[in-house]
Each structure stands twice: as C-alpha cells, then as structure tokens.
Amino acid sequence: MNARKITSQELAVRLEIGEEEFGQLLAKDEFDVADDFAELLVRQLEIELPQISVGTGKNVVVLRTAAEMRATCRAVRRDGIHFYNYYTMAAPAGRVAPVILDILCPADRLPALNNGHLEPAITVNLGPGDINGRWGTELTAATWRRMRAGTSAVPWVAGDSYVEPSFCPHTYSLATDVPARIISYTGRSGLQALVEETNSWADHAFEAMVESVSDGSPAAILRSVLARRGHDLTSLARQTGIPQERLADTADLTLDEVRAVARVLATDYRILLPAMREHDQVGKTFRSVESSVASIRPFRSYEVASLAAAPHLPDLTGLYMHVDNGTPKPVLDLCDFAEAHYLVLDGEITLWWRQESGRRQESGRQQESDGIGSARLTGDGSAWVSPFVAHGWSGSGSVVKLGSGKHLSYVDYLELSNTFQAQRVLRRGRRDRLGWGYDGQKGAPG
C-alpha cells in the first residue's frame with residue numbers, strides 16, 4: 001500500500017469491503033481470506049500472491065529423522081547409468097535444503113559433468129570411501145582431484161570439503177570399490193534478484209550492464225559511479241586533490257584516498273576496495289581432512305573444526321561439531337545471524353531450542369516446557385534452525401553444520417552499517433502500517 005500510495009480507505013473501496021472490516025484484517029498478524037479476495041487484493045496492489053502469503057515465516061525449528069530423510073530417496077540417471085541417489089535434509093517448505101548424495105558412478109568410469117548452477121555450493125565427502133571430483137572437460141590438477149574420507153584418528157571430521165563458484169560444472173565418481181556419499185548445499189546467491197530482474201530487461205540494456213560490470217573490479221565500479229554522479233576523473237581529481245593518473249586504478253590508492261573518493265561521490269568506500277580471493281583456476285576453494293583437523297578448537301561446549309570457506313563467498317559457511325555433553329538440562333549456547341542446517345553424523349544427541357511458551361511444533365517427536373523445545377536425533381537425522389533462535393546440543397555424537405546468506409547476508413550487514421539509527425529503523429519497520437508518516441491521519445499518503 002505504501003509503495004503504491006493507496007490508502008486503506010481507497011483500497012477498501014476497490015475491494016468492495018467496509019473500511020472498518022478491512023482495518024480489522026490489517027490489524028491481525030495474519031489473516032485468512034477467500035481465494036477470490038486474495039486474487040483481487042494482489043491485482044489492486046500489482047504484486048504476486050506469494051509476496052503476501054504466510055509462507056514458512058513462523059518456523060523456529062524443522063526436524064527430519066533418519067527414516068524420514070531416507071524416505072526422500074530418488075534415483076538420478078546420468079550418462080546411461082544410475083548415477084546418484086538423492087536425499088533431502090530438513091528445511092521449511094519451499095526453502096533450499098542441503099542434499100545427501102550416494103555416489104554410484106564406478107571408479108573405472110569418467111563421470112559425466114553437469115552444467116553448474118547460479119548458487120555457490122559447499123560439498124563435503126562423508127565417506128566411508130574416497131571419491132573423485134571433476135570440474136572441467138580437460139583433466140588438470142584443478143579439474144580432477146581425489147576427495148578423501150576422514151580417518152579413525154578423528155572420526156567426527158568426515159572428509160575433505162570445498163566450495164565452488166556460480167556455474168562451475170561438477171560431478172563425482174567413486175575412487176575405489178568402497179561406497180561413499182557427500183553432502184551438497186547450494187547456498188543462496190547474492191546475484192539471484194539481479195539475475196531474475198534482468199530477464200525482463202531489453203537485450204541492449206542487459207548487454208550494457210554486463211559491459212559496465214566488466215570483471216567486477218573496483219575500477220569498473222568507480223567508472224559506473226562516476227557516470228551516475230555526473231563526474232569524470234578530471235573533476236574527481238580536482239575535488240579530492242589526488243592526481244588523475246592515480247585515480248585511473250583504485251588499486252593504487254591508499255585507504256584514506258579511497259575514503260576521500262567515496263566521500264566526494266557519496267558512495268560506500270568499501271565497494272571501491274578489491275575483494276580478497278582464495279581459489280584455484282576454476283574458482284573452487286578446497287580444504288583437506290588434515291587442514292580441518294588442524295583447525296580443531298574448543299567453542300562453547302563443543303569441539304569444532306572448519307570446513308572449506310572463502311572470503312569472496314562470505315555467506316557460505318560450515319563446521320564439523322563434536323558434541324560430548326551429558327547434561328539433561330537444556331543447552332542454549334548457539335545463536336546464529338542466519339539459518340543453520342545440521343546433519344547428525346553419528347551418536348544420539350538432543351537438539352534444544354527456545355520457542356514461545358505454549359507453542360508446539362507439528363512433530364510429535366518434540367517436547368517443550370517453559371518455552372524450550374527439544375528433539376533427540378541419531379545418525380542421518382537433520383534439523384533446520386531459524387536465525388537468531390537460541391539453541392544447542394547435548395549427548396554424545398557429531399554433526400555437520402551448514403549455512404548461507406538467506407537471512408542476514410554480508411550485504412545486509414553492509415546496509416545496516418550504513419543505516420542511521422539501525423536498531424530504531426528495524427523496530428520501526430517491522431509490521432509497519434504507518435510507512436508514510438507525514439501526519440497523524442491513519443492511512444494518509446505522503
């Protein structure tokens with residue numbers, strides 16, 4: 001309503017509903033209306049129905065037992081053979097969840113490549129056997145590599161892991177006759193909204209955008225920002241006092257000079273800094289079992305070890321976690337700024353989480369008391385935990401923890417760091433019905 005500058009009074013007329021009745025609908029956190037009313041509403045607001053659907057926003061924790069996960073098994077044929085079995089981990093309906101793959105392509109066969117996908121991904125060999133990974137047509141050190149399983153010395157570090165960039169073709173085969181499987185998580189791409197929007201652009205506009213982006217370097221970004229602000233290097237040099245020849249490549253500038261440029265252009269100086277990149281020739285970043293074991297450290301009531309990660313893919317994260325805590329009391333020592341996916345590797349462990357008192361999740365496996373929910377999971381059980389929900393594990397076992405930027409991404413944090421009185425804005429904006437706010441009349445446009 002705010003974006004379309006339609007008052008509640010006007011919209012009520014268009015919906016052929018009384019103003020008071022419409023106000024009562026708006027006063028509720030959610031409301032149930034007939035399909036034809038909902039369709040009329042979205043037509044008047046020029047939006048799509050999913051934008052105002054409840055969806056899965058009320059989920060705090062979603063669970064899937066080992067048996068339930070195995071029931072999701074579906075065979076994938078590729079290159080004329082039974083190539084994989086896929087299994088899906090816990091996640092709210094409609095969300096992307098990590099998948100488990102049985103690797104079935106035999107060791108004596110070169111595995112056929114897929115086409116890659118927009119979303120960057122993190123992949124972990126869960127063993128028990130080694131696998132071969134392939135990432136290109138020609139086999140090189142970067143496009144063909146053995147991904148090893150873990151060892152009995154530290155059994156909760158299951159195997160090698162890596163992260164891959166967007167549209168990186170990839171595939172796997174067994175390295176021996178020992179069976180193996182992987183966990184694969186395609187995290188949210190920060191470019192998804194832009195890519196989807198460009199589907200409706202004219203071809204010439206899209207090509208102009210691609211040319212302006214160039215290689216994504218700060219110099220290319222600076223050129224675009226200069227044009228948008230009505231500047232060129234001559235005027236920028238005059239206002240910053242930095243010689244024009246040095247402004248041609250921001251990589252040559254000091255941090256203070258980059259800040260000076262950003263101040264003149266009224267832009268965020270951080271977009272003019274070069275990205276930190278750690279990847280091989282095809283864009284993937286690898287972490288071996290030995291490197292993961294070397295990273296083992298205490299964290300809260302657990303031992304953890306790092307999975308593969310890269311600074312140029314900051315939203316894609318993963319940990320091995322070893323749980324050894326026999327307390328019968330709730331454990332709530334974890335709380336993340338983004339959603340968390342867990343796969344239980346072994347043992348019998350209990351997940352605890354905070355939820356509103358009196359509310360019960362759908363699954364009968366869960367109990368609650370005083371606003372604390374719990375569920376016991378064994379190997380191949382999985383869980384999804386909503387952002388900023390306090391939770392934790394007790395018992396004896398281990399898990400793989402994965403996450404991406406579905407909620408507070410690093411871009412969100414950049415935006416929050418730029419926002420005047422960020423806490424006030426967030427509180428004011430939640431469930432806001434007074435977005436125009438220029439006078440006290442309810443629903444008055446500004």
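**Overall architecture and local environments in the predicted model**

Among contacts in the protein between residues at least 6 apart in sequence, 68% join residues at least 24 apart. The structure described here is a predicted model, and its secondary structure consists of 13 helices and 19 strands. The C-alpha trace spans about 70 × 65 × 45 Å along its principal axes, and 43% of the 446 residues of the protein count as buried. Carbon and sulfur atoms account for 51% of the accessible surface, which comes to about 24100 Å².

Two residues, Lys401 and Asn325, illustrate environments within strands 19 and 14, respectively. Lys401 is found in strand 19, which covers residues 391-403, and it counts as buried because its relative accessibility of 12% falls under the 20% cut-off. The side chain of Lys401 makes a polar contact with the side chain of Asp336, at a distance of 2.6 Å. When neighbours within four places in sequence are left aside, Asp336 is listed among the residues in contact with Lys401, together with Leu307, Thr317, Gly318, Leu319, Met321, Ala340, His341 and Tyr342. One of these contacts, that with Thr317, links positions 84 residues apart in sequence, for which the C-alpha to C-alpha separation is 8.2 Å.

Asn325 lies in strand 14, which comprises residues 317-325. With a relative accessible area of 18%, Asn325 is under the 20% limit and is therefore classed as buried. The side chain of Asn325 reaches the backbone nitrogen of Thr327 at 3.1 Å. Apart from neighbours within four places in sequence, the residues in contact with Asn325 are Ser301, Val331, Trp393, Ser394 and Gly395; of these, Trp393, Ser394 and Gly395 fall within the residue range 391-403 of strand 19.

A further strand arrangement is provided by strand 2 (residues 74-78) and strand 3 (residues 81-88), which run antiparallel and are joined by 5 bridges. Within this pairing, Ala75 has Asn85 of strand 3 as its bridge partner. The hairpin formed by strand 2 and strand 3 has 2 residues between the strands, and in this hairpin Asp79 takes a positive phi near 55°.

Among the helical elements, helix 8 (residues 233-240) has Ser235, Leu236, Ala237 and Thr240 as its buried residues. These buried residues pack against three other helices, namely helix 7 (218-229), helix 9 (244-247) and helix 10 (255-265). The N-terminal end of helix 8 is capped by Asp232, a side-chain oxygen of which lies 3.1 Å from the backbone nitrogen of Thr234. Beyond the other end, just after helix 8, Gly241 takes a positive phi of about 80°.

At the surface, Leu191, Leu194 and Val195 make a nonpolar patch of about 230 Å². Leu191 is located in the loop between strand 10 (180-186) and helix 5 (192-198), whereas Leu194 and Val195 fall within the residue range of helix 5. Leu191 counts as partly exposed, because its relative accessibility of 47% lies between the limits of 20% and 50%.

Conventions
Residues are numbered from 1 along each chain as its sequence is written. Side-chain values use heavy atoms; hydrogens and water are left out. Helices (H or I, at least four residues) and strands (E, at least two) are DSSP runs, numbered from the N terminus. Buried means under 20% relative accessible area, exposed over 50%, partly exposed in between (1.4 Å probe, protein chains only). A polar contact is a pair of N or O atoms within 3.5 Å; within protein, one must be able to donate a hydrogen and the other to accept it, and residues adjacent in sequence count only if both atoms are side-chain atoms. Contact means heavy atoms within 4.5 Å. Patches are made of residues with over 30% relative accessible area and no salt bridge: like charges are joined within 9 Å, nonpolar side chains (Val, Leu, Ile, Met, Phe, Trp, Tyr) within 5 Å. Accessible areas come from the Shrake-Rupley method with a 1.4 Å probe; for residues, only the protein chains shown count as cover. A salt bridge is a side-chain nitrogen of Lys or Arg within 4 Å of a carboxyl oxygen of Asp or Glu. Two strands pair if DSSP finds at least two bridges between them.
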